[in-house]
Amino acid sequence: MKKLVKIVSAALIAVAVPNAAAFAQSQPITLEGDVKVVKQVIEEGGETRTELVEPDRAVPGDKLIFGTNYTNTGSVAVDDFVMTNPLPKAVRLAPEADPALVVSVDGGNTWGLLSELVVALAEGGSRAAVHSDVTHIRWTLDRVEPGETGRLEYPAIIR
């Protein structure tokens, strides 16, 4: 079981970091992705605090935060910058994800709010899409000024 956890964790790290760059449009914007495991830590007084830690151990059901830091390294503003981030197959979008996220449930062919999307059924017909159907997330930044930095992130749960 420990070996499987390490393999899954390594795969999540490998997928999280390069994908954002591979799916961003060609602009003078640098991207750096990361993934953290959300852990609840109980302090001496019994209070609980949330901590984001490196994913050296992660198991099904663990919550993760996938993030991408961006910086406009150019000398001009970039308008309508689009970044698409595929979700690794080992995770599903967490229920507490921002309902305003633009997502795809069909591999990036159709985009919209999760509440507006449907999934085609193999036997015919369709059903409302749910968090576990999400395959990609897309952000569009209206304008990124020279030197501007920011962070885009989404919560996920290991399947």
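A salt bridge here pairs a side-chain nitrogen of Lys or Arg with a carboxyl oxygen of Asp or Glu within 4 Å. By that criterion, D34, R151 and E153 form a linked network in this predicted model.

**Figure 1. Overview of the predicted model.** The protein has one helix and 11 strands. The helix comes at the start of the pattern, and the strands follow: α-β-β-β-β-β-β-β-β-β-β-β. The chain counts 159 residues, and 36% of them are buried. Among contacts with a separation of 6 or more, 72% join residues 24 or more positions apart. The accessible surface is about 9,000 Å². Carbon and sulfur atoms supply 54% of that surface.

**Figure 2. The salt-bridge network of D34, R151 and E153.** The whole structure contains 10 salt bridges. One of them joins D34 to R151, with the closest N and O atoms 2.9 Å apart. D34 sits in strand 1 (residues 29–42) and R151 in strand 11 (residues 149–158), so this bridge ties together parts 117 residues apart in sequence. R151 is partly exposed, at 35% relative accessibility. E153 belongs to the network as well.

**Figure 3. The salt bridge between K36 and E54.** The two side chains meet at 2.3 Å, N to O. K36 belongs to strand 1, whereas E54 lies in the loop between strand 2 (48–53) and strand 3 (63–72). The partners are 18 residues apart, and the pair links distant parts of the chain. K36 has 21% relative accessibility; the buried class ends under 20%, so K36 counts as partly exposed.

**Figure 4. The salt bridge between R143 and D79.** Here the closest N and O atoms are 2.6 Å apart. R143 is in strand 10 (residues 136–144). D79 is in strand 4 (residues 78–86). The separation along the chain is 64 residues. Both ends are partly exposed: R143 has a relative accessibility of 44%, and D79 has 42%.

**Figure 5. The surroundings of S104.** S104 is part of strand 6 (residues 102–104). Its relative accessible area is 0%, so S104 is buried. Leaving aside residues up to four places away in sequence, S104 touches N109, T110, W111, L117, D133, V134, T135 and H136. V118 serves as a distance marker in this view. The C-alpha atoms of S104 and V118 are 9.9 Å apart, and the two residues are separated by 14 positions along the chain.

Notes
Residues are numbered from 1 along each chain as its sequence is written. This is a predicted model: local features need pLDDT of at least 70, side-chain atom pairs count only at pLDDT 80 or more; totals for chains, interfaces and linings use all residues. Side-chain values use heavy atoms; hydrogens and water are left out. Helices (H or I, at least four residues) and strands (E, at least two) are DSSP runs, numbered from the N terminus. Buried means under 20% relative accessible area, exposed over 50%, partly exposed in between (1.4 Å probe, protein chains only). Contact means heavy atoms within 4.5 Å. Accessible areas come from the Shrake-Rupley method with a 1.4 Å probe; for residues, only the protein chains shown count as cover.
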